[in-house]
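Reader: I am new to this structure. Please pick a single part of it and take me through that part closely, along with whatever surrounds it.

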Amino acid sequence: MRWLLVLLAACGGSEQPVPATDSAPPSDTAVTPDTSEAAGFGTLSGMCGVLAEADLTSASPKLIHATMTFERGYMDPEDRPLLTEGGAILAATPNAGGSSGLSEVFAFEQLARCEAAGFLKTETQIVYDVQGKITDILVEIDGHKIGVSVTRAVAFPFGSPYDLADANDLMTKKLTDIQASTMNVSDADRWDKQILAVMAYDDQHAQVVEESINAMSASITSDTIVIITSTAGDDSFIYTNN
């Protein structure tokens, strides 16, 4: 099934949740997003506000391509005041596992600034009935709870071309994990749909990820919005953050 590609301005590998920190807002109270495209760290290019009601509620998949350009590298915690309130909370919250902290921050920044996403919960605060794969962020868009899983598409050393086989492995794993976390989430935190936010090192990486997604069966891609974000400029902090 060919996905709809829309130009848009836009990792949870851990399986065991850890106690929540005190930095997040009360459960189910969305942090008000900053919807000004000019505000924030990094420049968003393309169209914002493309997610419609049907995209957030139907089982149909959707593919969105985004670009975020950084004039300089993000420095934490000095640059936290330049983030949206939800992004600052994520930056101050320890990751549950892996090395994806800043990629999660900027995946959320894009959703907040382009889709008016409000922050609800960190990955350690989402409640599951069954332990297993977990989702990185819980947000609210147009009154709908949306789960957000984040991953990075990057080949090493930097500048190496991204291989389709690597993209297939990554996308299959992440989309399968999304289905698992959707099955296991509690009713209190149950989302209407999930977003897989892919931070791609450059346009070549993004194109390979898109090719991989477009070739997948509906059984894997169903009920998921995939946002592929090509990063540009001084963006290495996204891919080296521990």
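Author: Helices (H or I, at least four residues) and strands (E, at least two) are DSSP runs here, numbered from the N terminus. The model is a predicted one, in which local features need pLDDT of at least 70 and side-chain atom pairs count only at pLDDT 80 or more, while totals for chains, interfaces and linings use all residues. Residues are numbered from 1 along each chain as its sequence is written, and side-chain values use heavy atoms, with hydrogens and water left out.

The part chosen is helix α3, which runs over residues 101–115. From the first C-alpha of α3 to the last is 21 Å, over 15 residues. That is close to the expected 21 Å at 1.5 Å a residue (1.5 Å times one less than the number of residues). Of the 15 residues in α3, 14 are buried, so the helix is mostly covered (buried is under 20% relative accessible area, exposed over 50%, partly exposed in between, with a 1.4 Å probe and protein chains only).

What follows the helix? Just after α3 comes Ala116, where phi is positive, at about 55 degrees. Ala116 has this value although it is not a glycine. Most residues other than glycine have a negative phi. The place of Ala116 is the loop between α3 and β4, and with a relative accessible area of 33% Ala116 is partly exposed. A second residue of this kind is Asp223, a non-glycine with a positive phi near 70 degrees. Asp223 sits in the loop between α6 (218–221) and β8 (224–233) and, at a relative accessible area of 28%, is partly exposed.

On the other side of the Ala116 loop lies strand β4, residues 118–122. Five of the five residues of β4 are buried, so the strand is largely enclosed by the rest of the structure. Strand β4 runs antiparallel to strand β5 (residues 137–141), and four bridges join the two (strands pair if DSSP finds at least two bridges between them). Within this pairing, Gly118 of β4 faces Glu140 in β5.

Back in α3, one residue to look at is Phe106, which is buried, as is Tyr74. The ring centres of Tyr74 and Phe106 lie 5.4 Å apart with the planes at 80 degrees, so this is an edge-to-face pair (rings of Phe, Tyr and Trp, the last by its six-membered ring, pair if their centres lie within 6.5 Å; planes under 30 degrees apart are stacked, over 60 edge-to-face, the rest tilted). Because Tyr74 belongs to the loop between β3 and α2 while Phe106 belongs to α3, the pair ties together parts that are 32 residues apart in sequence.

This pair is one of twelve aromatic pairs in the structure. Another joins Phe70 and Phe237, with ring centres 5.0 Å apart and planes at 80 degrees, so that pair too is edge-to-face. Phe70 is in strand β3 (residues 62–70) and Phe237 in helix α7 (residues 236–240), so the link spans 167 residues of the chain. Both Phe70 and Phe237 are buried. Through ring pairs, Phe106 belongs to a cluster with Phe41, Phe70, Tyr74 and Phe237.

The loop that holds Tyr74 also holds Pro77. The peptide bond from Asp76 to Pro77 is cis, with omega near 10 degrees. Another cis bond leads from Phe156 to Pro157, with omega near -5 degrees; Pro157 is in the loop between β6 and α4 (164–184).

Helix α3 also borders the largest pocket, to whose lining it gives the largest share, four residues (on a 1 Å grid over the protein atoms alone, a pocket is an open set of points where a 1.4 Å probe fits, with protein on both sides within 12 Å along at least five of seven lines; lining residues have an atom within 4 Å of a point). The space in this pocket is about 210 Å³ (the space filled by probe spheres set on the points, which are joined across faces, edges and corners). Of its 16 lining residues, Leu90, Thr93, Pro94, Asn95 and Gly101 are the closest to the centre. Two elements give two or more residues to the lining: α2 (85–92) and α3. By class, the lining has five nonpolar, seven polar and four charged residues (Ala, Val, Leu, Ile, Met, Phe, Trp, Tyr, Cys and Pro are nonpolar, Asp, Glu, Lys and Arg charged, and the others, Gly among them, polar).
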